[in-house]
Structures are given as structure tokens and as C-alpha cells.
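Subject: Handing over a structure

Dear colleague,

I am passing on the structure shown below, and the notes that follow it set out what was found there. Please keep it open beside you as you read.

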Amino acid sequence: LGERSSGARSAFDVQDFYQIRQQCLENGSLFEDPEFPATASSLMYSKRPDRHYEWLRPHEICDAPEFFVEGFSRFDVQQGELGDCWLLAACANLTQDQQMFLRVVPEDNSLEENYAGVCHFRFWQYGKWVDVVIDDRLPTYRGQLIYMRSSEQNEFWSALLEKAYAKLHGSYESLRGGTTCEAMEDFTGGVAEMYDLKDQTPPNLFEIIEKGFKRNSMFGCSIEADPHVLEAETPEGLIRGHAYSITKIQLVDIETPGRSGKIPLIRLRNPWGNEAEWNGPWSDKSAEWRYIPDEQKQELGLNFDHDGEFWMSYRDFTRYFDRMEICNLSPDSLSDDILSRGKIRWEMSMFEGEWAIGSTAGGCRNYLDTFWHNPQYVIRLEDPDEDDEEGNCTVIIALLQKNRRSRRNMGVECLTIGFAVYRVTERDLAQKPLKMNFFKYNASAARSPAFINLREVSCRFKLPPGTYVIVPSTFEPNEEGEFIIRVFSETANSMMENDEHVGIGDIDDRIAPEDPGFTQPSPQRQAMERLFLDVAGEDGEVDWVELKRILDHSFRDDLPKSSSLNGLNHQTYAATQNADNYGGAPGAGGGLEDLLGMLMNMCCKGVLGGDDSNGNRAPSGPANLDSQIVPNQRPLHDNISAEGFSKDVCRAMVAMLDVDHTGKLGFDEFQQLLTDIAKWKAVFKLYDTQGTGRLSAFQLREALNSAGYHLNNRILNALVHRYGTRSGTIPFDDFIMCAVKIKTMIEIFRERDPDGSNQATFSMDDWVEKTLYS
């Protein structure tokens, strides 16, 4: 497999078709793919095969095998035992366009010249083309292919294409059940639409199909399956639950004894490629064809072979078929040669995104409190369609979830997804992203027809020119997944993410941590410095261990309690209180305990020695100590032990201010750290309204905004993945860690970007040193 889904393979693991073929030719060996072995696991994941299948190469199946026999056509695709008629219908459509076909099935595949038992195919996967390498061993039973095959016994391109597609998704069984749209998208990179013909055939459907053929779109259709009979045949010769491809639509001249005019006809193909065809009006050899001029028949390429292909009237098509699928091709699928023949391109915009638990997985509009946390995308439509009488723009919006079919063997199914579209003004867009109040008071201008558990949800709209915001979401909050959102329009569109710019802003007015009181020269500062130096020792600096002791005691009301006050026992603490609070000599326990008492008076609101709820100073001596000691209790979450701040947090704090990389902080750096922590603690308390010691991960964006840090969805998702818990919360010390990391990384960047250009340059050793130490 050339490149797999995001994160699945490193660049060094990529299978290179040309390199593998050359090595096999030099060694005189035939390639055996270790990543898709010739074993039962490549066939099925839910059960063992019901019989013994033998994997054979083409020259072991027949004499004189060829990759192509006299080129390729839709008649080369015939179904085997696997229930993947949806894939076959897409393959038949693919053969209609040589350029698209050869992009998926490269011409340098051969079973004769430079034969080494290796082939490769290319599929579109979530925004990029992936090269899939396979060996040519195919599953057979009694010497015959059991899955897709060609009508020519010695032609193998279609069987090998199916194998490559099975490898892409993990096994042949993973291909059982699907929609033609899915495969057509993977063959073209296009956007698919589905139309329900049973109850609500769009009045302009014929126009939609006509426009689709002008843009080289691919079409499929089907009839609802009979729940009791597999692929039951109707009296009209059509197969239920079976995927057909639409290969042509045309207004045909007709001359009857009573009148003349035009009639819309549509040509379809059954991928079985046999006599199972429509037997109603306009079927092979039906009486209606005598009313069509001979030159028109020749133009239509009419033949009456038992090849699975047939014509029917458009009216009968909408009457007997239940669903139609269209794959609208992306602009890069149409070559200049095709455009010169009158074909037209769509205009396309595309973005990748993610729903992360507690961050951007906000659920649908039913969940107003979290809905605004979903990713948001601004789309601008400026010019109406050329032929639209009402001056509207045709827009197709498609939301595609990634990497679900290939993980079926792990029990992963498609999420239930959809989207909503809102009309916005420039004033609305001054706020990035749009907040809850916007969605509370504004109705959607358009939305997906339903939330549904398909790989892709898409819909075609007619919208007035203007600016809109698209909000893709899962139905329920906190459902995790990756997605691609694409917008196709007939006229130009521009699309951008409606998200914040990363940077530093103003601190929330509600955040007013107490001034530690020693930032200016004063007796307090002098006393604090003396005590700090006493704790620091001869070098005048504290390392992370000493910093941890200070912080654990200072913030013991915010961390899990223990009967020993996180390592400082009752007797030691009480003894130290006999000294003067601010200037006396250290007690027997040394200067640390005096320093702790001073810290709590100066910068720890609501902690021992700080303000009480009425703003009065609480006593800090032994008389108040007993009320502060609590028995051992279970930690608030699994990332904080009863020992307080983790060593990682303390080390990160040291690294944040340690400009000379000594692993220690001097007094000036220490006092800056206290100021930052006081601010972050005040922010945390503002949002932790229940006093649980945790924030909901959905509050992280607002909390960090209040601290003066503006982050986009990608960074928020990374923070939640890194520091969030399984229950979707951010504990206190992990919130501090988030703030430390953000401040550190922004300052490292700004140091290298003195002009504010939003660009910085690092050498490799600079980058490694700064990122490792921070």
C-alpha cells in the first residue's frame, strides 16, 4: 500500500511498485505481498471460509493470461460470489472515461512484459491519491475465480482491481454491502449525491442528470431489496437490491402515426452482463424502436445483445427505480481535451477536520450548549448560475467521514452525521468562531436532509448569493471521528475555516488574581527573597523538586488532600509558625515552611492565609491549621496522585522560565512564575463553578481565552487528546500544564519573529533543543 490513512504508515513503510518489480526481476522471483497475504484473513474477518479456497496466479488459472484483452470496456466487469455489485457498477462506469480509468488502472501493469507477479492501482482516499500494491494471487475454487471476473476468460484487470480495493479496506468481506457512490468517489475524487425516486422525485431531476453528463458525472441506480429474497427479479426483468449503472441519457426524435416530437430515454447496465434486462417499453427489440429514425438509432449505438445493457423511458425509470446516485467529478478529473469537447468543470473547495471528544465533537443543534464547538466553515457565493431565472447559486455540500470501512474488523461503524448551513453577515463573522447565542437566535438557511450513518452525507441546494457558515457535526456530542467537507458550485466559491488566529490577547476582565505583593522593591520583597535564597541554598536557585514542594503546599486546596499536607506534617508546619510571618528567622524546619506561609498570604486566594469569602484576611498560624487538614481521600482523577503536582508539570514550569537551560529558577524567574500561576488559578476557579477540581473539556477554549491565549480547533484538539481524561474533563494540574505549554511555545516562536510576520526560522538543532526542553 503506497500511502494509508492518516498516521497509519511512515514514509519508510511505503510499498513502491517500481522498486518491488525491479527487485523481483533481478532475483528471478514472484512478489508475495506480506501486507495482504494469501490466507483466510484476507478473505473474511467475521468467520472462517465455508470451503477451501486456493490462491492462484493468472498463468495458473488459464493459458496466455493478459491484463487487458483488446482494451477495456464495461463488459469486462462481471460479478462473482461477493455481494459487491455496488463496486461493479462503479467499475462499469469507470470504463466509460479513458483518462479516469487509466488513472485508477495504470497502463504499466502487465502479465507479460516485465512480469514479476506484482500490480498496482490508484484510489482517491480522503483528499489524496493512494497507490495500492498487490501480488497477483487470486482466490479460486476448483480452478475458477470466485469473485469479480471478466467476460474474457484470460483477462484479469477487473479481478486484480477488486483485490486492490479489498486490500485498501482490509479484506474482501469488508466490500460486502455499500453504495455505488462510495466506489465512484474512490475512483474519481468526486462528490456523490443520492436521490430518493420512490416518494419524492425532484421535479428537475432530468435537468440534473443532463447537467451531470455535461460535467462527465457518473451515475448509478437501484431498486429496494426484497427482505425475503436475495436479488429477486421483478416481472419487468429488473433485479431488486442490485446496483445498475446509468450510461447515457438523451432526448430522442420520435415519429408515430399520430404525432412527432422528442422523448427522454435513459440507458442502463446490469453488471451481471447477461440476459437479465428490462423487458418493458424500449427494451431490446421492443416495438417502440420502429418509431425512431435509423440515423438516430445509429447515433445511440443501439444493439440488442444479451449484454446486460438496455434502454427505457425516463418516465418508467422514475417509476420502477427507487434510488439514484450521482458522482460529480472534481475539477482535476477533466482534462483540457475533455473540456474542448464541451464538458464543464465544477468549482470546488475542500477542508479536512476532526470531531474530538470534549473539544470539537459538539453534536447536532439539539445540543445548543455544545453545538457551537463543532468546526465551522465560511463559504462565499458571489455569482448566480448562468441559467438560473431566480438568480440563485447551485451548491453541493458533501460531508465525508474518514477511515470507517477499513476498521470494520475492529467493530467500527459509520457515525451518524449531518450538517447545517447559516446565512451570516460580516458583523456576525467578527466573532470567531460563532458562539452559542448566534445559533440560539438564528435559524438555519439549509441543512442535510437527515442525520444518517453513511460514509458520506451530501445535498444539492439553490442559495441566493451571499456568505454562509457550514457546521458539520455528529448527531450526539462526544462522538470522535475525522471528516472532509467539500463544496461544489457552478460558479466560483471561496471557503475558509471560521476559527481563531493563534496568538496572545487581553486577559478577561473578570480575572483579577491578587498581586503577590513583591513585584516592586519593598520590605515584603526583601523578606521573600531572603527566604527564597534560604530554600534555594548556595546556588540561589530552585530546581523542580523544590518547586514541587512549594506548589503542592500552596495549591493543596486545588489538589487531592492528604493527612500530611502533601509531605509537610502537622508538627513541622506548626513549629514554623512560631517565627514571625514575614521577617523572622526560619524555624527548625528551615526556610521552606516560612516561605510557604508567606506565599499563601500573598498569592493564593481562598487558601490558608488568604482571603475568606468576605474578603477578610484569615489567620495563618497554628490555630487555623486543624481546620485545614483533611483526611486521605481518593484523587480527583487518575492523572493526579495524592502527591500533588506531577513532576512533568513542575519540570515544564521550570523550562518555561529557564532561559539559560540550567534546570533551575532564580528569584526573578520564580516571582514571574507565581504571577502566572495566580492568574491561571483565578481562570480555573472562574470556570470550575462546582469546585470539582476539573473543567469540562468543552470549557478549555473559553478558559484559555480568559487567560489571554487564542487557539484554533487543531491546537485545542491536540491539547484535549494530550491532557484530557476519558470522561472529557481537564483536571487542575493538567490545565496548568496546558497554559505552561502554550505560553512557552508562543514565546519561543515570538522570539524568532521580532517583526510579527507570523513566520519564524529554526535550524534543526535549535528546533530539537527547544521542543525537547520545553
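Cys85 is a good place to begin: with a relative accessible area of 10% it is buried, because anything under 20% counts as such, and this residue is found in helix α4. Please bear in mind throughout that this is a predicted model, and that every value below is computed from it.

**The annotated site**

In the UniProt record, which is an unreviewed entry, the annotation "active site" covers Cys85, His242 and Asn270. These three residues are spread over 186 residues of sequence, and yet they cluster in space, the largest C-alpha distance being 9.2 Å. His242 is found in the loop between β7 (218-222) and β8 (243-255), and with a relative accessible area of 1% His242 is buried.

Helix α4 also holds Ala89, which counts as buried at 0% relative accessibility. Ala89 and Thr180 are 91 residues apart along the chain, while their C-alpha atoms are separated by 6.5 Å.

**Helix α7 and the largest nonpolar core**

Thr180 leads to helix α7, since it is among the buried residues of that helix. How many of the 9 residues of α7 are buried? The count is 9 of the 9, so α7 is largely enclosed by the rest of the structure; besides Thr180, the buried residues include Cys181, Glu182, Met184, Asp186 and Phe187. After α7 comes Gly189, whose phi is positive, near 75 degrees.

Phe187 turns up again in the largest nonpolar core, which has 49 residues, and where Leu87, Phe121, Phe123, Leu160, Tyr172 and Phe187 touch the most other members. The elements that give two or more residues to this core are α4 (85-94), α5 (98-104), β2 (118-125), β3 (128-135), α6 (157-169) and α7, and the largest share, 8 residues, comes from α6. Because domain 1 (17-187) and domain 2 (191-331) both give residues to this core, it lies between them.

**The largest pocket**

The largest pocket holds about 1200 Å³ of space. Its lining is made up of 45 residues, and those that lie nearest its centre are Glu193, Met194, Tyr195, Leu454 and Ser458. Two or more lining residues come from each of α7 (180-188), β6 (191-196), α8 (205-214) and β17 (456-463), with β17 giving the largest share, 7 residues. Sorted by class, this lining has 16 nonpolar, 9 polar and 20 charged residues.

Of the elements just named, α8 is mostly covered, as 7 of its 10 residues are buried; among them are Leu205, Phe206, Ile208, Ile209 and Phe213, together with Lys211. α8 is followed by Asn216, whose phi is positive, near 65 degrees.

**The second largest pocket**

Which residues lie nearest the centre of the second largest pocket? They are Val502, Gly503, Leu711, Asn712 and Ile715, out of a lining of 37 residues, and the space in this pocket comes to about 980 Å³. The elements that give two or more residues to its lining are β12 (347-355), β20 (493-497), β21 (503-504), α22 (713-723) and α23 (732-751), and α22 gives the most, with 8 residues. By class, the lining of the second largest pocket has 18 nonpolar, 8 polar and 11 charged residues. It draws at least three residues from each of domain 3 (346-499) and domain 4 (500-514 + 521-554 + 644-773).

**The annotated EF-hand segments**

Finally, the unreviewed UniProt entry lists residues 645-680 and 681-710 under "domain: EF-hand". In the model, the chain over residues 645-680 is 69% helix and 0% strand, with the end C-alpha atoms 15 Å apart. Over residues 681-710 the chain is 47% helix and 17% strand, and there the end C-alpha atoms are 18 Å apart.

With best wishes

Conventions: Residues numbered from 1 in each chain as written. Predicted model: local features only at pLDDT ≥ 70, side-chain atom pairs only at ≥ 80, totals over all residues. Heavy atoms only, no water. 1 Å grid on protein atoms, 1.4 Å probe; cavity = no way out; pocket = protein on both sides within 12 Å on 5 of 7 lines; lining within 4 Å. Points joined across faces, edges and corners; volume = space filled by probe spheres on them. Helix = DSSP H or I, 4+ residues; strand = E, 2+ residues; numbered from the N terminus. Nonpolar A, V, L, I, M, F, W, Y, C, P; charged D, E, K, R; others polar. Domains from an automatic or database assignment. Buried < 20%, exposed > 50% of the residue type's maximum accessible area, 1.4 Å probe, protein only. UniProt positions renumbered as here; feature names shortened; annotations may be inferred. Core = buried A, V, L, I, M, F, W, Y, C linked by side-chain atoms within 4.5 Å.
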